[in-house]
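Me: I have just opened this one and would like to go through it piece by piece. Could you help me read it?

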Amino acid sequence: MKNSILSDIILSAFFFALAILLPRQAFSSNLTESGKKQSALMKYEDKITEIISKMTIEEKVAMLHGKHMFSSEGVPRLGIADIEYADGPFGIREEMEHHSWKSIGLATDSATFFPTGSALAATWSRDYAYQYGKGMAIEARLRGKDMILGPAINIQRIPTGGRTYEYMSEDPLLSGELAVGYTLGVQDNETAVCLKHYAVNNQENYRGFVDARLSERALHEIYLKPFEMAVREADAYGVMAAYNKVNGYWCSENYELENKILRQTWGFKGIVISDWGGTHSTVGAVTAGLNVEMPGQRYLGQALLDSLKSGAVSESIIDERVREILRVRYAVKPVPAEEANKLMASQPEQQHIAYEVAKRAVVLLKNDKKQLPLNLKKIKKIAVIGENAVETQADGGVGAGVKALYEITPLQGIMNRVGNRAVVKYAQGYKDFTKEEKRSGVSPYCEPDPQMMVEAVALAKESDVVIFVAGNNREIESEGSDRTTIALPAGQDMLLARLAEVNQNIVTVVVTGAPADLKEVNKFSPAVLVSWFNGSEGGNALADILLGNVNPSGKLPFTFPVNLEDNPAYKLGVYPQQLEGEKDDVFVNLVNRDQRRRGERHLEADYKEDILVGYRWYDTRNVPVLYPFGHGLSYSIFKYGKPSVTSTTDGVRVSFTVKNAGKQDAEEVVQVYAARKQSMIERPQKELKSFKRIAIKAGATENVELMMPHSVFSHWDEQTHDWAVEPGAITLLIGSSSQDIRQTIDAEVK
């Protein structure tokens, strides 16, 4: 089956390349007479008004809460179908029983496992985010789904965040561009997105009641920006309210977030649904802008009917919430139940998308001895060591997973691509963390198994090269709890040191969704890659990078710090928080979505670092890092030409050339940062303002032109409570990472 799948993938490559080059017509491209974009959701207002006039109050309220675990009620009497939700953001979850998390065991609901959020972010490509969204939408429709619960676009504030693998980046512009691409890809293909988790959901520990306290400026410039971009530029149809509070108010009943900012300022016309179990009131929620309580009806069922009868809620408010739901229902045509789940969801086209994203996601962190790509003319014995070489990552931990049709592991990928050109042998080396150990409270941070170490060392000694597959798994990085450390688990550092005693020709592959402590890895491995939780085709993509079939081009979407304590939230002592009487345990907070059942509790998260998140902190405070934001090496050499710049009333246009001085076709992600020589307000040392992935033939030179509107250089003014552009001189820093700046040029913001 795998060979057949691979053949289908290759045959579909031409059509994939054609699709990515064709112009796209976004749902949000309808223009009003004034030239402003109008949401596609506004096409059906007259029809919706007529429908609402025919509905009973009971029918209206029935639409405002979950019907089943992943559906909400339509209006059967009037021919309005239920809304069917698809969990989650990197693959369509299997069919579940109506009122539980248990799979019903269909034979046709296996899906493509797409690379997780941080892997997608490592592509730095809005175009491939679009293709990713398109693939997700195709599978959602085959499964009869209307709305995908994704993309997950919260900012990665702490390296230990349990959902870092699901989220995208520490930078709002990168996260926002990817969110726009993903959203357009989904909604151009007849499915709705649900942006999550709105907003400031940056930790899993105590997420059920933590109150994120932050400045208005940090809120808008950092944490809301990806959501704003996806709403304004891509007309996102849905938003999911987060579990936590923001500045004192639950996200599910936060009038400032849901009505004032989301609807009134950004022009959002769609629906807001709660995270599962994340609703806390009746009047407050429906008035603030919550459309659907999921998955039950504790607050927006009979309690809402009672509130209407008592006069606590007006019917006009309920009508508005129903109108917003019907806009989405009319924009996304339902799939008849008899047509859903008839064809296997995972098809060659989507599998090929997963491969194309995966190969651009792999990040080459170091290649000191030019050890990569592997030369199979000289290498005849390959040792692959580490359980992550054979572990699948589509499922695990708490939260969304994928019932993957297949998943190529690193070992499978290497064997597929090496074939009979070399002997590939495997040793487990260490034992991965299991669900059972997690439930038992066992720590994943332990010494390696002695017998496994002996076997691995013996294999390393007799081999020409060691591919050590290290990192985390989906039990360690999990929804519901943050990690307590970024150390590698299972004694991997100790094992690697022993391997290096007998064979110094080591390539370390780090399987992870988040930053890891790689100081020891750097000591013993001349070559290091990050391969992420990289989807159904992740093993093939990795092998193609290792063997040089593909030139590595992934870039880090977040900083790898030298030490965890260098992270600003840790450095300033505002994370982790500790509740009195709580165990200080790595997995104490599993599934704390139901903390309300233990009584109302309060805990504040002080965002003391303000706008200095990620590389903004490290650069501004001159804190050394292990690997910087935007870093990623290639087998090729890129030479950046001298830039030119033009400042107009519309913005700043910068032009330069990039030459591929290598012998292999390659892709580079050019990055443009801006620094202010003088400013009236506090600013980071530099900030990402533009980027572009470009493909360059061996020996060729490409002209690059990037237009940055003045709005890109704006800041949030806390006096006017609005965006403002400070005119003046800036320096543009052009390079291959935030710390690999190749050219600089001065410009003027007008």
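**Reading the model**

Me: Let's start with a serine. Where is the place of S274?

Reply: Before anything else, please keep in mind that this is a predicted model. As for S274, its place is in strand 10, which covers residues 271–274.

Me: And is S274 buried or exposed?

Reply: S274 is buried, with a relative accessible area of 0%.

Me: What does S274 touch, then?

Reply: Not counting residues up to four places away in sequence, S274 touches M240, A241, T279, L290, V292, E293 and M294. With T279 there is also a polar contact, in which the two side chains are joined at 3.3 Å.

Me: Changing topic: which residues touch the most other members in the largest nonpolar core?

Reply: Those are Y85, Y198 and I382, in a core that counts 165 residues. The largest share of this core comes from helix 7 (residues 172–187), which supplies 8 residues. There is also a second, separate core of 36 residues, and A119, F468, L499 and L626 are included in that one.

Me: Why would such residues be found together at all?

Reply: As a general tendency, nonpolar side chains in soluble globular proteins are buried together.

Me: What is Y198 in contact with?

Reply: If its neighbours within four places in sequence are left aside, Y198 is in contact with L224, F227, V239, M240, A241, A242, C251, L257, E258, I261, L262 and W266.

Me: C251 is in that list, so how many disulfides are there?

Reply: The count comes to 0 disulfides. For C251 in particular, the nearest cysteine sulfur is that of C194, and it is 13 Å away. A disulfide would need the two sulfur atoms within 2.5 Å.

Me: Is C251 buried or exposed?

Reply: C251 is buried, with a relative accessible area of 0%, whereas C446 is partly exposed, with a relative accessible area of 42%.

Me: Now the sheets. What is the strand order in the open sheet of 6 strands?

Reply: The order is 11-16-15-14-12-13, and the pairing in this open sheet is mixed. Its edge strands are strand 11 (363–367) and strand 13 (423–427), each of which pairs on one side only. Neighbouring strands of the sheet are turned against each other by 20° on average, with direction ignored.

Me: How many bridges join strand 12 to strand 14?

Reply: There are 4 bridges between strand 12 (residues 381–385) and strand 14 (residues 465–471), and the two strands run parallel. Within that pair, A383 stands opposite V466 in strand 14.

Me: Which strands does helix 15 lie across?

Reply: Helix 15 (residues 410–418) lies across strand 12, strand 13 and strand 14, and it runs at about 170° to strand 13.

Me: What about the open sheet of 4 strands, and what order do they take?

Reply: That sheet has the order 24-23-28-29, with antiparallel pairing. Strand 24 (687–696) and strand 29 (740–749) are its edge strands, each pairing on one side only, and the twist from one strand to the next averages 20°. Strand 23 (residues 666–676) is joined to strand 24 by 9 bridges, and A666 stands opposite I696 in strand 24.

Me: Then which strands does strand 6 pair with in the parallel sense?

Reply: Strand 6 (residues 210–213) pairs in the parallel sense with strand 18 (residues 603–606) over 4 bridges, where the bridge partner of V210 is L603. Strand 6 also runs parallel to strand 8 (residues 245–246), to which 2 bridges join it, and there the bridge partner of D211 is K245.

Me: Back to helices: why is helix 20 described as largely enclosed?

Reply: It is described that way because 9 of the 9 residues of helix 20 (residues 538–546) are buried. Among them are G538, N540, D544 and L546. Helix 20 is followed by G548, whose phi is positive, near 85°.

Me: One last spot: where is the place of V75?

Reply: V75 is in the loop between strand 2 (71–72) and strand 3 (83–86). At 1% relative accessibility, V75 counts as buried, and, leaving aside its neighbours within four places in sequence, it is in contact with M55, E59, M63 and I80. V75 and I51 are 24 residues apart in sequence, and their C-alpha atoms are 9.4 Å apart in space.

Note on methods
Residues are numbered from 1 along each chain as its sequence is written. This is a predicted model: local features need pLDDT of at least 70, side-chain atom pairs count only at pLDDT 80 or more; totals for chains, interfaces and linings use all residues. Side-chain values use heavy atoms; hydrogens and water are left out. A nonpolar core is a set of buried Ala, Val, Leu, Ile, Met, Phe, Trp, Tyr and Cys residues joined through side-chain atoms within 4.5 Å. Buried means under 20% relative accessible area, exposed over 50%, partly exposed in between (1.4 Å probe, protein chains only). Contact means heavy atoms within 4.5 Å. A polar contact is a pair of N or O atoms within 3.5 Å; within protein, one must be able to donate a hydrogen and the other to accept it, and residues adjacent in sequence count only if both atoms are side-chain atoms. Two strands pair if DSSP finds at least two bridges between them. Axes are lines fitted to C-alpha atoms, for helices over the stretch in contact, and angles run from 0 to 180 degrees between N-to-C directions.
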